[in-house]
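Open the model in your viewer and keep the sequence panel in sight. We will go from stop to stop, selecting as we go.

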Amino acid sequence: MLIYYIYDDSQNKYIEANLEGYSIQFDSENKTATSTKTCGDVITYSSNVLLKKLYYFNNKEKKYTYIDKYCEAIPDGDNYYLRQCTKKERLDCEKAVVEVGDEP
């Protein structure tokens, strides 16, 4: 697991951001960060799974606060639209260890 840091001007130093995940996208306008974990086994499932965690930047605490988690299945040849993951797909992805470079 990677540890992320952000720069705090008021302290003139980098501080731990309270984020976890493999790929993080920041939205400075909405002060949010979304981590995305991609899981998938095309033998077990017909599509890959995206497990996303949403964080909101708390200005007072100077770190991100976890808000919500959601899971989507990526479209494939049979399913042309994103759909919500099944409970099994979400749980399997939460437990899966994905090494850097192993993402589908």
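Which backbone oxygen lies 2.7 Å from a polar atom of the side chain of Lys37? Select Lys37 and look around its side chain. The backbone oxygen belongs to Cys93. A second one is there too: the Lys37 side chain reaches the backbone oxygen of Glu94 at 3.5 Å. Bear in mind that this is a predicted model.

Lys37 sits in strand E4. Is Lys37 buried or exposed? Buried: its relative accessibility is 11%, and the cut-off for buried is under 20%.

**Zoom out: the whole chain**

Colour by secondary structure. The protein chain has seven strands and one helix. Starting at the N terminus, the order is β-β-β-β-β-β-β-α. Of the 104 residues, 34% are buried. The accessible surface is about 7400 Å², and carbon and sulfur atoms hold 49% of it. Now consider contacts with a separation of 6 or more: 36% of them join residues 24 or more positions apart.

**Strand E4: Thr34**

Stay on E4, which spans residues 32–39, and select Thr34. Thr34 counts as buried because its relative accessible area is 16%, under the 20% limit. Show what surrounds Thr34. Beyond its neighbours within four places in sequence, Thr34 contacts Ser23, Ile24, Gln25, Lys52, Lys53, Leu54 and Tyr70.

**Strands E5, E6 and E7**

Select residues 49–58, which form E5. E5 runs antiparallel to E6, and ten bridges join the two. Find Tyr55: opposite it in E6 stands Tyr66. Follow the chain through the turn. E5 and E6 make a hairpin with four residues between them. Check the backbone of Lys62 in that turn, where phi is positive, about 60°.

Next comes Lys63, in strand E6, residues 63–73. Lys63 is partly exposed, at 31% relative accessibility. Which residue is 47 residues from Lys63 in sequence but 7.3 Å away, C-alpha to C-alpha? That is Glu16. Lys63 also touches Glu16, and its other contacts more than four places away are Ala17, Asn18, Tyr56, Phe57 and Asn58.

Move on to E7, residues 83–84. E7 and E6 are antiparallel, with two bridges between them. Glu72 has Gln84 in E7 as its bridge partner.

**The nonpolar cores**

Nonpolar side chains in soluble globular proteins tend to be buried together. Select Tyr4, Ile6, Ile15, Ala17, Leu19, Ile24, Ala33, Tyr55, Phe57 and Tyr64 and show them as spheres. These ten residues are the largest nonpolar core. A second, separate core has six residues, among them Cys39, Val49, Cys71 and Cys93. Cys93 is also the residue whose backbone oxygen faced you at Lys37.

**Last stop: the rings**

Show the aromatic side chains. How many aromatic pairs are there? The count is four. One of them joins Tyr7 and Tyr14, edge-to-face, at 5.0 Å centre to centre and with 65° between the planes. Tyr7 is partly exposed at 39% relative accessibility, whereas Tyr14 is exposed at 59% relative accessible area. Then select Phe26, Phe57 and Tyr64, which ring pairs link into a cluster. Phe57 and Tyr64 also belong to the largest nonpolar core.

Conventions
Residues are numbered from 1 along each chain as its sequence is written. This is a predicted model: local features need pLDDT of at least 70, side-chain atom pairs count only at pLDDT 80 or more; totals for chains, interfaces and linings use all residues. Side-chain values use heavy atoms; hydrogens and water are left out. Buried means under 20% relative accessible area, exposed over 50%, partly exposed in between (1.4 Å probe, protein chains only). Contact means heavy atoms within 4.5 Å. Accessible areas come from the Shrake-Rupley method with a 1.4 Å probe; for residues, only the protein chains shown count as cover. A nonpolar core is a set of buried Ala, Val, Leu, Ile, Met, Phe, Trp, Tyr and Cys residues joined through side-chain atoms within 4.5 Å. Two strands pair if DSSP finds at least two bridges between them. A polar contact is a pair of N or O atoms within 3.5 Å; within protein, one must be able to donate a hydrogen and the other to accept it, and residues adjacent in sequence count only if both atoms are side-chain atoms. Rings of Phe, Tyr and Trp (its six-membered ring) pair if their centres lie within 6.5 Å; planes under 30 degrees apart count as stacked, over 60 as edge-to-face and the rest as tilted.
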